[in-house]
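Hi,

Here is the structure I promised to pass on. Could you have a look at it and then read my notes underneath?

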Amino acid sequence: MAPASNATFVETSQSTAASPCPASWPAPKEYDGSDGDPNAPYNPPGARNTDSCLPLKPTGEVVHDYTAKEPAPGDLAFRWIHGSVCAAKNTDPRIQVVAYNEDTYVLRENPCVNWEAPFTYLLFGNHGALLIDTGATPEADHYPLRVTVDKIVARWCGVRRKKSVPLTIILTSGEDVAQNQGIGQFADRAQTSLTPLELGARMEFHGLSGSWKQGIQRIDLGGRVVEVIPTPGTHKDGLSFYDSYTCLLFTGDLLYAGRVQIANDRDYVASLERLQKWKQNHRMKWVLGGHVEMMFIPGRAYPRFSTNRPFEHVLQLEPEAIDEAVEHARGVVGKPAVVFRTDFILLNRVSPDEKVYQSAPDLPRVPVPYWRSLQ
Amino acid sequence: MPLDFKSLNRRTFLSLPVVSVVLPAVAAATAPEAKAMGAPPLPAVGSGPIDFKTNAPAPGSFPERWICGSSSCMDNHDPPIQVNWYNEHTVFMRQNKAYSFEAPFLHLYFGNERILLIDQGYTQLETDWPLRDVVDRCIAEWCVKHGRHVEEMELLASFTHLHDDHYVGINQFYDRPNTRYMGQTHEEMIGFWGMTNYPEERVTLDLGGRDILIWGNPGHVFSEFAYYDSYTHILHTGDMFYRGRCYISFWDKWFASMKRLMAFLDDHPVTYVVGCHVEISRTGHDYPYGITYQPDEAPMHMSVEVLKHAYEVAKAITKPGIYFTGSVFLCNETRDSTTIDRIAYEYE
């Protein structure tokens, strides 16, 4: 077949007759344009499956054992999409999807759709899927979160030989417009429960009514338990989520590699102390926040509204960042301050642009490439 | 000033002040060559010099609404550069906010012999942002309409001040014939206009019947000019004064520039004061630095009263801080330390 294959790409009248493999190829009639469709014209004839994870023969449901002594394996070893010089000319995907492991997915919104570029997490258990946060853009054609999540869920169901799996959508903060905008795309989705946005209703949804700041609740996905830890401080209705399978802590705006804007410093310290205690009693691999704003330069962050961030910090923070944040947050309670640390910056009672081009004298002085402002 | 054109190499040519170049000689020397290149012959009638003096100020119009970005930059389908023919000899352009958040305004003034382009925007690559293409098309359109050869019209590319959101687009003009561009140092800037006493000296640039008055206007940065077009009577104050946050780096210099502008207003009529950006809404709401969507932004042009009122407000300012005049923010030596924006989610 190899010698003749060139002829199929030459558009002459003879080649159609000379080619040994013309009309006998199955016409790509049923190709629906989706990823991994065996009917796609670039697949060889007779292709039945392009995804080695999907079964060729019908088998029973796979039940996964989510109990493990060590954190479940998984990695984020790649580079996030980070915008472009000219935002209008950006050609990256609108949502970057990364499989941390087979049951854990990390999604990022393209910074050229919204500068907040929030991260969204999708976790699967034997009986349910959980979506943490929903992005900063409501329009489905700009930010197709629903379509993307549906595709991941459908593939996961295929891998696990399930017909469907119910989805629960929760938020690290109901009031944060960088995280709650995409929820409307799921309004009419079957087998889906959405968290309310309003504080009281949201705490009730999580079973945290009454003195909710002290409570802990569990979300059981079927063998995989996600724990809900109230952490107000950057939002008055802040929640953090701890996944006992991967040992990841999802903190949203509370602690991430960026300029953390403290909304109430007493609550902030109390929440971090709660997480610090949690860390002592539970295995913790990484802290995953809702954004990345730091550069790969100690103590430097991209300013707000940046749509081009070529030297971004990685998403994950080591658990020790909690200790560091507690220590420095205690020192600024009650006073306006900007605390520059290697991996994050704390802003208390100051404008979000305070000292945006500065860093701390105790951190290594590394010049920022292509930065025009006073350094 | 008599010039020996035979000894004129690129370096000496560029070092000459624009105002003193005797251009008709150059035009005569290049005319046969232009014909040989196959340029269309000049129309016999109607190609006489345009009169820029008797009907001043020439009326003109700004767009109802400038293009002002979109909620998702990737989904912006507006033109990369909005072109506004203020009148048939004056163009104001604006960079699309989805291409650069600075969204600077660019000016193009046509005269009988020369064309002045003030500012070149914030994007270097023509493949990202086709400034050269748009400017060339404007010039070609004007030349056809007024019976000129493009090759005979010299383009002068200058900028208001030494900040990259106003000059990096100059990269796109480096290979353009019959074009002179301002150098990017203070000495080259004032040398371009032949100034010897910056900022007090006011020079006149003759575009061929159309005079542009230029003088020093420091305060936002040290190297900055004000431009006054004697045809439309439009005063261009750059980033020193515009509808938004006037970041004043040097208060004393800025206030002296303000006084100079007031003295200028005493003996020159001004229709509009225009600046390089808009950062404020119609209701006086501040759009934060860096934002790429300003759905309800205020018009770019301002009346003379706005400038005069700001001067009255400025007289009382003695300390660093942010002062709102009702139309513009005067940010006195506050850049990098204070902004107008507040914490969005603060609670007790």
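Below is what I found, going from the whole chains down to single residues.

First things first: this is a predicted model, so please read everything here in that light.

**The two chains**

Chain A has 375 residues, of which 39% are buried. Its secondary structure comes to six helices and 15 strands. Chain B has 348 residues, with 41% of them buried, and it contains seven helices and 14 strands. As for contacts along the sequence, in chain A 60% of those with a separation of 6 or more come from residues 24 or more positions apart. For chain B, 62% of the contacts between residues at least 6 apart join residues at least 24 apart.

Where the chains touch, chain A puts in 32 residues and chain B 28. On the chain B side, those residues split into twelve nonpolar, eight polar and eight charged.

**A sheet in chain A**

Have a look at the open sheet in chain A: six strands, in the order β1-β2-β3-β4-β5-β6, with mixed pairing. Its edges are β1 (95-101) and β6 (192-194) of chain A, each with a partner on one side only. On average, neighbouring strands here are turned by 15° against each other, ignoring direction. Helix α3 (residues 145-159) of chain A packs on this sheet and touches β1, β2, β3, β4 and β5 of chain A. The direction of α3 makes about 30° with that of β1(A).

At one edge, β1(A) runs antiparallel to β2 (residues 104-109) of chain A, and the two are joined by six bridges. If you want a spot to zoom in on, A:Asn101 sits opposite A:Thr104 in β2(A).

**The nonpolar core**

The largest nonpolar core holds 144 residues. Which of them touch the most other members? They are A:Leu255, A:Phe344, B:Leu117 and B:Cys246. Taking B:Leu117 as an example, and not counting residues up to four places away in sequence, its contacts are B:Leu106, B:Leu108, B:Val135, B:Leu155, B:Leu156 and B:Ala157. As a bit of background, nonpolar side chains tend to be buried together in soluble globular proteins.

**Strand β14 in chain B**

Strand β14 (residues 329-332) of chain B is covered on both faces. B:Phe329 and B:Cys331 are buried on one side, and B:Leu330 and B:Asn332 are buried on the other. Two strands pair with β14(B) in opposite senses: β11 (residues 245-248) of chain B is parallel to β14(B), over four bridges, while β13 (residues 321-324) of chain B is antiparallel to β14(B), also over four bridges. B:Cys331 is a handy landmark here, since B:Tyr247 stands opposite B:Cys331 and so does B:Ile322. β13(B) and β14(B) make a hairpin with four residues between them, and B:Gly326 in the turn has a positive phi of about 105°.

**A loop residue in chain B**

Finally, B:Ala103, which lies in the loop between β2 (90-95) and β3 (105-110) of chain B. Is B:Ala103 buried or exposed? B:Ala103 counts as buried because 27 other C-beta atoms lie within 10 Å, and the cut-off for that is 20 or more. Leaving aside neighbours within four places in sequence, B:Ala103 contacts B:Arg94, B:Gln95, B:Asn96, B:Lys97 and B:His277. The C-alpha atoms of B:Ala103 and B:Val278 are 8.2 Å apart, although 175 residues separate the two along the chain.

Cheers

Methods: Residues are numbered from 1 along each chain as its sequence is written. Chains are lettered from A and ligands numbered from 1 in the order in which they are written. This is a predicted model: local features need pLDDT of at least 70, side-chain atom pairs count only at pLDDT 80 or more; totals for chains, interfaces and linings use all residues. Two strands pair if DSSP finds at least two bridges between them. Axes are lines fitted to C-alpha atoms, for helices over the stretch in contact, and angles run from 0 to 180 degrees between N-to-C directions. Two residues are in contact if their C-beta atoms, placed from the backbone, lie within 7 Å. A nonpolar core is a set of buried Ala, Val, Leu, Ile, Met, Phe, Trp, Tyr and Cys residues joined through C-beta atoms within 7 Å. A residue is buried if 20 or more other C-beta atoms lie within 10 Å of its own, exposed if 12 or fewer, and partly exposed in between; C-beta atoms are placed from the backbone. Ala, Val, Leu, Ile, Met, Phe, Trp, Tyr, Cys and Pro count as nonpolar, Asp, Glu, Lys and Arg as charged, and the others, Gly among them, as polar.
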